[in-house]
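Please look through the sequence and the model shown here, and keep both in view while reading the report that follows. The sections begin with one pair of helices and then turn to other parts of the chain.

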Amino acid sequence: MSVSSFDPASWSVIDPEQFERIGRVHRGFLYQHLLGVSIVLNSIEHPGSVLSLKVESDEDLECLSADGYLYIQVKTTDDPLAFSDIASSVRDFHKLRMLHAEGKRSGPCVLALVVAGSLGAQLAAQSATTPRGSVRRKLIELAQLNQANPEQVIETWVSIKWILPSQTVPGLASVQAFKSIPEILESLTGRVRAVPRLRNSPESTVLAAATSINLIASSNHALVQGRTLSRAQCENLLERISRLPEKLPPIPTDYVPLEMAGPLIRIGRKVGFIGGSGAGKSTHLAFEASTASVSHVIYLVLQGESAELMALDCANQLVSGLPSEFVPPGMANMSSVQVGIEERLCQIAAAIPAGSAVIIDNVHRMHPGSVAVGALIRSLLNRNDIGLTLAGQPIRSDGGPTSAILAAQSGNGLEFVDAPGWNEMQISRWGAVSQIPLTPPQSERVRQITAGSPLAVSNLLRVARDEHGGDVDLAIESTHLGEVHADAGAVFERTFDVMPEIAKKAACILSAVGFQPTLTEFERLLGQREATAALRRLIDYRAARITQNVRPGVRGVQLHDAYAAIAKQRSAELMSSQQHQEMHRSALDIVVENVRRGSTSLEWIVAFYSNLKGAGEIDDAVDYLTNGPLSVEALNRRGLGPWLVGLLKGFLVEASALEARCWIRDGLLFLGSGGEVVSDIDELWADQFRDIAEIKNPEVDLLYAFAHKQILYFQSRGEIQRARFAWIDARERISTESLRLILDYQWMIALYRCERFDEALDGLKEMIGRYCSLLGVDFSLIWQESPAMIPDRISQWSNTTADMITHLADCLDLSGRCFNRLGFHPIELFLQAGCLYSVVAHSEPMVKANNFAAMLQLELGQAERALSLMSLTLRVTELRGLSYYLVECKSLLACAAAESGQAKLAREIIGQLKDYDPSAMDEYVRRARSALLFPPVKPRRRDEPEVDSFVRDLLG
């Protein structure tokens, strides 16, 4: 078939050469297999229209419907068809028609001849009509040759439906002819887009479906007996193909499967699948997953710069792989490493539906301290109603054996299987696909050198083809691989050596930028012309591939791990330091654009700071470290403290500007005061005192930041007087009132932690008055305002900022906590703080304040008020994805419901809590259960003159 109209940009096919290789894998019958996909689509578009589809050994198609049998033969040629081209089809059609005429097959039959081209003049004049002249004579000769009745053969000729391109035959609108394979591909892709619930791209789905038809034709499909698809198999084929996760590698159409003793993916089987890079583990698992008898396939790739990052990434991958109806409440789009991430991973694992298969790839990357990921693996091992496959390389990132850490995590519950590699027969088969015929001794020698690694074999043969005219022996000798025994890594290194320089440079860039670029971004990193040439060569050597949906709806470029490692090693010799910096600056621009568009996933965070460092712009990191979604405080709230410590320590060594070093050190001091392990903390303090003293006119923000850390540091050591001096000294040097207020708040927190509550309350009362002055309002205007009315009030205020409103709410919240520690029940203070937080959409502190208020309401017997408050708070918690507060909210709501007489609601919520770990709030669950049996006696509210006096003073 012609490829002249083929558009590589719309497909995962780079050039006509690869397209032709796909055709060879289909043994020249790609058009027929795509026509089979068309019939499968008919069965999906019109359920019940196809009862079965049979693919004959000669690739003829036989479709059974309620209307009878449809027999399809295809003729593809670039030249006009002559009678000799179709004589065998007429013979076969006649035999099929006679089976029906003689009653050996029931029901009517339709004979369809699909012509992917044009008819010769003789056939064009006499197709589908009573034949005359030479055509009639040839039909009679054909009948005599096959000992058939000539008149019946002529009747067969007349009954044939000729289907030509751009023509529709009445009653056969579902069968179309196309001039070329690109045309049928485009048609099928458009139809696949309309199929609901398909997760993968239309292009990959069409090619995977054609591969399934190819396997059926050769009786190699694992789920199809013989060569016939049942109605259910037809209607479910695309869904089965497209249920595979996007991250799972696509199955190449020229794939040669590994020979395994049995399927790895099977319900109840728990396997550790170990093999070197390029051993074909991931592709084999994708191949098995496409035909495995499981309900869902969930695929995780372990990645992350630290154990915490890896745990969070695992949680999000698990959730995205689950059908939405199975995702536990509040678990979607987790953006922080929350307390209890280990329990949350286990909760998600428990939610995986029975009959599913879970694949965890790259387990050799597991950090020794990956407690949460280890708990996830143990949870999955304990389930006998799912399949589990853990795939990885033999040696971990830290140099230890992968099997050892897996055995330690699983006990004796894991069966280890080594990736077998290709044998001599499979290598020979691949040689035929690659148009490099191999003799048995050559196949054996290739296996000895490559250890049967599919990637190494394909690379070696590619080198032979491109560099040595297909001479494998010469390729082996010229690359000195004859001295190598069973070392795929050596093959990859030699392959990398013979790649064009532009391909090597592209590999270095892909290995260094820290994110998977889209095709457009790849062109920006390398240059449009160079990117096209480099990508073609990398894909030729299977060193890279184009992936679907690297970001929603966008394709990207992914470098194979085997070549990523080599490219990192060779990067210094292939690119100058200036080229490295320019590369990282270009990558940094791309990362910043994505972050500004709202992409703050872990991948972008790590890529941002690694490219900032690579670009030599450490001094410019200060703006990002101190403000916005990439700041130290923001990332620490997401649980990334341990990773940040290592990052900042590296930055501190390379920073040149004195103020930049102070800001970086400030981040480390912040992490140290918050409980992270920061070595040499005292030395950091001494250096910070020295450097800030050296700066002649330090920035006000830097003075505040340093004073803030000093207060925390001295308070944590019990040196409250030194903390006071640090606070007073900083106040004298800071003239900005808003910044002074924030610093004063830090001092109030220090007093609270030292249990000096009365002193803190005096300071907070004064601060609330100052905030009201800055906002230009009287406190009485906002006290006990409903959340619905406060936005109207705010619009009337002067100098209003969301930060000021937040800080005002912080002061009210801290005042409530001080009163509570003194034994009072300052419910209104917490409610007012929650109200202000909700106005500026600060959901997390709002939930905390409301929960505190509800606890106090329950203590005072105000169950109805607590029920109303917690119903609203729970909705916000679920809407904002604050999963780490769900247990607390539901426990309080259950208690409030039970104590206010809402027994049905209380029982329903207690039932939901069985799916969580309610230990943090088990007191309220017990109270709820008790209240269901013995309704509580409501206590009389106590007088609290101190709280009333505090509020009265604020109200003036």
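## Helices α33 and α36

The crossing of helices α33 and α36 is left-handed. In this predicted model, helix α33 covers residues 737-753, and its axis lies 11 Å from that of α36, at a packing angle of about 15°. Because an angle under 35 degrees counts as roughly parallel, α33 is described as roughly parallel to α36.

Which residues of α33 and α36 make the contact? From α33 come Ile742, Tyr745, Met748, Ile749 and Tyr752, while α36 contributes His807, Asp810, Cys811, Leu814, Arg817, Cys818 and Arg821. Sorted by class, the residues of this contact between α33 and α36 are 8 nonpolar, 1 polar and 3 charged.

## Helices α36 and α37

Helix α36, which spans residues 802-821, also packs with helix α37, which spans residues 827-839, and here the angle is about 160° with the axes 8 Å apart. Since angles over 145 degrees count as roughly antiparallel, α36 and α37 are roughly antiparallel to each other. The crossing in which α36 passes α37 is left-handed.

On the α36 side, the contact is made by Ile805, Thr806, Leu808, Ala809, Asp810, Leu812, Asp813, Ser815, Gly816, Arg817 and Phe819, and on the α37 side by Leu829, Phe830, Gln832, Ala833, Leu836 and Tyr837. By class, these residues of α36 and α37 divide into 10 nonpolar, 4 polar and 3 charged. Asp810 and Arg817 of α36 are named in this contact with α37, and Asp810 and Arg817 are also named in the contact with α33.

## Helices α38 and α40

Further along the chain, helix α38 (residues 843-859) packs with helix α40 (residues 886-899) at an angle of about 30°, and their axes are 11 Å apart. Are α38 and α40 roughly parallel or roughly antiparallel to each other? With angles under 35 degrees counted as roughly parallel, α38 and α40 are roughly parallel to each other. In passing α40, helix α38 makes a left-handed crossing.

The residues that form this contact are Val847, Asn851, Met855 and Leu858 of α38, together with Glu888, Cys889, Leu892, Cys895, Ala896 and Glu899 of α40. Their classes are 7 nonpolar, 1 polar and 2 charged. Helix α40 also holds Ala894, whose relative accessibility of 0% places Ala894 among the buried residues, since buried means under 20%. Ala894 and Glu908 are 14 residues apart along the chain, and their C-alpha atoms are separated by 8.4 Å.

## Three residues in loops

Met260 belongs to the loop that runs between α9 (231-242) and β7 (270-274). Is Met260 buried or partly exposed? Its relative accessibility is 22%, so Met260 counts as partly exposed. When neighbours within four places in sequence are left aside, Met260 is in contact with Phe273, His284, Glu288, Val417 and Pro420. One of these partners, His284, is 24 residues from Met260 in sequence, and the C-alpha atoms of Met260 and His284 are 9.8 Å apart in space.

Two other loop residues stand out by their backbone angles. Gln435, in the loop between α15 (424-433) and α16 (440-450), has a positive phi of about 60° although Gln435 is not a glycine. Arg542, in the loop between α22 (528-540) and β12 (544-551), is likewise a residue other than glycine with a positive phi, in this case near 55°. Gln435 is partly exposed, with a relative accessible area of 48%, and Arg542 is also partly exposed, with a relative accessible area of 26%.

## The chain as a whole

How many helices and strands does the secondary structure of the protein chain come to? The count is 43 helices and 13 strands. The protein chain has 956 residues, of which 54% count as buried, and its accessible surface comes to about 40600 Å², with 50% of that surface belonging to carbon and sulfur atoms.

Among the contacts in the protein chain with a separation of 6 or more, 71% are accounted for by residues that lie 24 or more positions apart.

Note on methods: Residues are numbered from 1 along each chain as its sequence is written. This is a predicted model: local features need pLDDT of at least 70, side-chain atom pairs count only at pLDDT 80 or more; totals for chains, interfaces and linings use all residues. Side-chain values use heavy atoms; hydrogens and water are left out. Axes are lines fitted to C-alpha atoms, for helices over the stretch in contact, and angles run from 0 to 180 degrees between N-to-C directions. Helices (H or I, at least four residues) and strands (E, at least two) are DSSP runs, numbered from the N terminus. Angles under 35 degrees count as roughly parallel, over 145 as roughly antiparallel, 65 to 115 as roughly perpendicular and the rest as oblique. A crossing is left-handed if the near helix is turned anticlockwise from the far one by less than a right angle, and right-handed if clockwise. Contact means heavy atoms within 4.5 Å. Ala, Val, Leu, Ile, Met, Phe, Trp, Tyr, Cys and Pro count as nonpolar, Asp, Glu, Lys and Arg as charged, and the others, Gly among them, as polar. Buried means under 20% relative accessible area, exposed over 50%, partly exposed in between (1.4 Å probe, protein chains only). Accessible areas come from the Shrake-Rupley method with a 1.4 Å probe; for residues, only the protein chains shown count as cover.
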